[in-house]
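Good morning, and thank you for making time for this presentation. I would ask you to keep the sequence and the structure in view while I speak.

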Amino acid sequence: MILRKVFLLASFVSIGWVGLAQIGAVGLRCEYLKDPLGIDMPDPRFYWKLKSDETGQFQTGYRIIVSSSKENIEKNLGDMFDSGKKNSPQSIHIVYKGKSLKAASDYFWKVMVWDKKRVASAWSETATFSTGLFYPQDWSGAQWIAWRTQEKWETDWWKRKVAELQCTEWYLPSYFGARMSMWERYHFHDNPYDPAPLYRKGFKANKEIKNARAFISGIGYNELFINGQRIGDHQLDPGWTNYKKTILYTAYNVTGNLQKGENTIGVMLGRGNYGMLAVDHWGFYKKEGYIGQPKLMCLFKITYTDGTEENIVSDLTWKITGGPILYDCPHMGELYDATKEIPGWNKNGFNDSSWDKVVSAPSPGGALKAQLCEPIRIVKRSAVIKVEKRNREYWADAGANLAGWIRLKVNAPKGTRIGIYYGENEDPRDHGQPGGYQQMAYVAKGVKDEIAECHFSYKGYRYINILGYPGVLTKNDIEVCQVNSDVAQVGRFSSSDTTLNAIHRICTKSLISNLHSIPTDCPHREKNGWMGDAVTGMEFGMANYDLAALMTKYTRDIFDTQDAEGRIPTFTPAPATIYPKVASPLWASACVHIPWYMYNYYGDTRLFEQYWDKMKLFSQAVWKLNGVKDKSGIFTDGLADWCSPFGNMSDEGSEVYSTMNFYLVLKRLSQMAVVLNKKEDAAEFSKQAEQVREAIYTYCFDKVNVRFVGITPSDYRQGINAMALQNEIVKPEHKDKVMEQLLQDIQVNRDFHFYGGIFTGYALWEMLPKNNLSELTYKVAINPTYPGYGFMLKNGATSLWEFWQDKYSHIHHFLGFVDNFLIRYVAGINVNYKVPGYAEIIFSPNFIAKINHAEAEYESIHGMASIAWKREPEGQIQLKISVPCNGSGKLMLPENIKSIQNSDGKELQIKKDESQKYVMLPSGKHQVKAYVN
């Protein structure tokens with residue numbers, strides 16, 4: 001929209017604090033987490049936000065103290081670390097530089113800050129962190145223990161797999177058992193798989209307990225009990241990793257759970273992704289996969305009031321038996337027989353003489369690391385919106401697609417077999433839907449109001465079928481549980497346009513339904529950490545959820561898959577079998593893009609430092625292994641621009657997409673090298689980028705028609721030209737003509753539609769509004785015809801589809817990049833790539849003609865940023881903008897701005913940057929009015 005005449009009135013309100021400085025430190029975090037347990041690095045980082053009611057306040061200095069006791073922190077004695085006053089505005093990524101931290105210990109810290117007048121604040125509230133176990137010797141003799149000897153387990157496992165491989169069909173997620181009920185799967189073998197094991201250890205604490213910590217890694221998944229009480233609320237714990245490289249453990253404070261005298265520790269293990277029962281397409285069940293029987297490693301460190309310590313560890317004194325979960329697999333489902341529950345098994349006084357002794361188990365191979373990211377939890381509970389009895393079964397509707405399970409209240413005679421089917425199709429037993437038969441089976445024990453729910457598998461679903469229930473079910477008997485990594489929501493968007501609001505809703509719903517310790521592609525069919533999905537999904541994801549800790553973990557997962565040559569597969573965690581199948585530098589480029597997003601959103605450079613050599617090795621592998629013969633600087637790709645309307649592997653070939661993305665990778669590596677002060681690397685990557693650019697012009701540029709093409713003939717492709725523009729491959733003399741043809745194809749040839757897949761779609765939705773084409777982009781967004789988001793919504797989408805066509809999965813997130821347009825350009829909160837971590841925020845609202853108001857907020861690592869604009873009578877537009885304390889804002893203005901005035905009538909300084917006018921805004925709350933003629 002062109003503004004004919006604009007006058008901006010800004011009013012800044014200042015309310016001073018009573019007392020010391022006009023700012024204070026709040027929201028203290030350590031390694032992105034609040035009061036974390038299990039910090040296992042020697043130099044953790046500290047963060048805080050600044051609070052002030054005064055406009056233009058900022059930090060000029062800080063002082064951190066870290067104490068080994070509450071008494072010392074209350075005395076302001078930093079006996080572990082005292083930074084002294086540091087004259088610095090920095091409030092994030094402050095590295096601990098004190099005395100060596102002791103394993104399994106509690107620490108207390110707080111911070112004092114100085115305001116812009118160099119006046120000191122009061123001390124912040126005290127925050128804590130507890131250390132984990134730094135070195136193998138810190139585990140004090142704990143060992144991996146299991147039920148069966150390795151020889152017996154391997155013999156039985158492969159004998160069953162040989163039988164299953166004789167009865168397969170090509171169907172995801174499993175080639176075996178895809179059409180079977182849970183009982184058929186379980187009873188397929190004369191000698192069924194072992195049930196989920198129960199571990200038990202009794203011991204006596206002879207003294208009063210001062211402090212107790214638990215460190216547990218039970219893989220695939222575990223649930224911990226002490227004296228009959230479930231510890232924590234984690235689900236599907238620990239998070240999925242490449243178990244040959246990294247295994248996560250969880251730390252708990254169990255001081256209040258242990259007691260003087262008799263104590264009992266109980267652990268129930270599930271197979272998880274470590275011993276997946278599915279004969280899966282990706283090869284996790286093979287010998288090159290991550291296959292092992294459930295096994296336990298744990299340490300309970302007890303400190304008594306007299307200062308002495310005692311360790312209870314996983315050793316050969318533990319007892320073990322099978323529990324009520326007879327069959328469990330993340331893909332194939334779960335069978336829970338409540339008649340086989342063992343009352344009191346995890347309590348004192350239980351007679352375990354009939355239980356087996358555990359045996360020593362081989363290590364899975366990976367290093368034990370603390371799980372320093374948000375755990376998976378039941379994050380929301382709700383009722384189904386409809387329950388119907390259909391013939392002899394019940395059907396229920398959760399109201400929208402989600403990931404998780406249901407909790408079913410059961411009142412049935414002992415031995416009643418109940419089958420529960422989950423699906424995103426209205427018929428949950430439609431075998432053709434993604435994930436096929438997602439099931440849980442339950443055998444009732446015959447008591448009032450018993451609860452059937454999953455323990456070690458989750459589903460992607462909206463609809464539920466319940467078979468075999470003998471009584472009457474109502475909405476009150478079925479509780480819907482949304483289950484995902486418990487990341488905080490930090491972003492919001494709304495507008496006067498209901499279609500845009502619905503698009504935002506399905507984007508965020510799809511993302512959160514695919515966060516399960518890794519970002520997955522879908523929560524039903526695959527549950528895999530596809531990296532192409534992460535490249536296009538995690539950036540808009542960071543604008544909506546706090547993904548800092550989770551993406552730190554996922555970055556390690558990515559590099560855990562890298563082989564000696566530098567190759568990275570298309571998803572992670574991944575078995576070795578995936579390497580020869582698909583080589584995609586386009587999808588594997590998440591190894592560079594995710595650290596880049598972390599830098600931009602959170603100002604994090606540690607990932608650059610940790611993985612620099614590995615990122616360089618990846619780039620070298622692309623040159624070495626993916627180069628096209630006789631076309632130097634052009635690269636092959638196994639997957640390309642997935643889910644394009646033209647097809648996954650369309651006529652123009654994959655090479656142009658792979659190569660244009662690799663150009664961007666090289667440019668970002670050059671920028672990272674500058675940040676790391678690696679001048680030679682920066683120059684080398686910049687040189688390589690120019691080589692690739694020239695190759696694109698040599699082999700993928702039509703000089704006659706002035707457009708970018710694939711290396712094989714095809715019709716015009718929007719996506720290729722959008723990538724060339726977005727990635728700044730286009731030379732200045734060609735830009736106008738390339739853009740002109742792109743707009744012609746969008747508006748005329750395609751009737752206001754974008755024709756792109758996951759990578760080119762990302763480029764289209766970012767590049768066009770960045771070039772002042774938000775009106776056009778908006779028309780595409782709300783278009784109700786194929787292909788597009790309006791088309792999805794018109795056809796009932798409650799989450800994003802996998803394909804523009806109405807087929808396959810309806811719970812994917814990789815097309816969610818449209819949300820960047822809503823947040824960055826419709827409302828107008830944008831990252832400044834030159835000032836990372838939202839220290840300076842770009843406010844770039846686009847006053848689209850058919851929108852009356854729009855607003856967004858983002859709780860950045862520095863604090864809350866928000867913008868709201870609204871049309872008023874006679875062409876006026878009112879804006880309300882909030883800039884976090886210790887930050888600044890940059891309000892982008894239309895070219896024909898005449899003047900800007902504050903509430904006192906004083907003109908504010910208008911600046912110009914790259915041909916666009918702007919006004920700098922200090923921290924605080926601002927009101928701006930635009931008068932439009």
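Let me begin with the residues around the largest cavity of this predicted model. Its lining consists of V535, T536, H593, Y597, N661, L664, R668, M723, N727, F759, Y762 and A763. Four helices, α5 (531-544), α8 (590-602), α10 and α14, each give two or more residues to that lining. By class, seven of the lining residues are nonpolar, four are polar and one is charged. The space in this cavity comes to about 130 Å³.

The second largest cavity holds about 90 Å³ of space. Which residues lie closest to its centre? They are Y221, W240, N273, Y458 and H516, out of 13 residues that line the second largest cavity. Seven nonpolar, five polar and one charged residues make up that lining. In total, the count is 11 cavities of 30 Å³ or more.

I return now to M723, which we met in the lining of the largest cavity. M723 belongs to helix α12, where it is buried. How many of the nine residues of helix α12 (residues 718-726) are buried? The number is nine of nine, so the helix is largely enclosed by the rest of the structure. Besides M723, the buried residues include Q718, N721 and Q726, as well as I720 and L725. The cover over these buried residues includes α10 (655-675), β37 (707-708), α13 (732-749) and α14 (758-770). Just after α12, E728 adopts a positive phi of about 60°.

From the cavities I move to an open site, the second largest pocket. About 850 Å³ of space lies within this pocket. Its lining comprises 40 residues, and R29, Y32, L33, K34 and E374 lie nearest the centre. Which strands contribute at least two residues each to this lining? They are β2 (24-30), β4 (45-51), β15 (246-253) and β40 (853-860). Strand β15 supplies the largest share, namely five residues. In terms of class, the lining of the second largest pocket divides into 23 nonpolar, seven polar and 10 charged residues.

Strand β40 also bounds a loop that deserves a word. S844 is found in the loop between β39 (840-843) and β40. Is S844 buried or exposed? S844 has a relative accessible area of 11%, and because buried means under 20%, this serine counts as buried. Neighbours within four places in sequence aside, the contacts of S844 are R824, Y825, G828, N830 and M892.

Next, the nonpolar cores. The largest nonpolar core has 255 residues, and within it W48 and F708 touch the most other members. Apart from that core lies another, of 44 residues, including F225, M268, F350 and M440.

I close with the protein as a whole. It has 17 helices and 45 strands. The radius of gyration is 29 Å, close to the 30 Å that the globule rule gives for 933 residues, so the protein is as compact as a globular protein of that length. Along the principal axes, the C-alpha trace spans about 85 × 70 × 60 Å. Of the 933 residues, 64% are buried. Finally, among contacts between residues at least 6 apart in sequence, 75% join residues at least 24 apart.

Terms used. Residues numbered from 1 in each chain as written. Predicted model: local features only at pLDDT ≥ 70, side-chain atom pairs only at ≥ 80, totals over all residues. Heavy atoms only, no water. Core = buried A, V, L, I, M, F, W, Y, C linked by side-chain atoms within 4.5 Å. Buried < 20%, exposed > 50% of the residue type's maximum accessible area, 1.4 Å probe, protein only. 1 Å grid on protein atoms, 1.4 Å probe; cavity = no way out; pocket = protein on both sides within 12 Å on 5 of 7 lines; lining within 4 Å. Points joined across faces, edges and corners; volume = space filled by probe spheres on them. Nonpolar A, V, L, I, M, F, W, Y, C, P; charged D, E, K, R; others polar. Contact = heavy atoms within 4.5 Å. Rg over C-alpha atoms; globule rule 2.2 N^0.38 Å.
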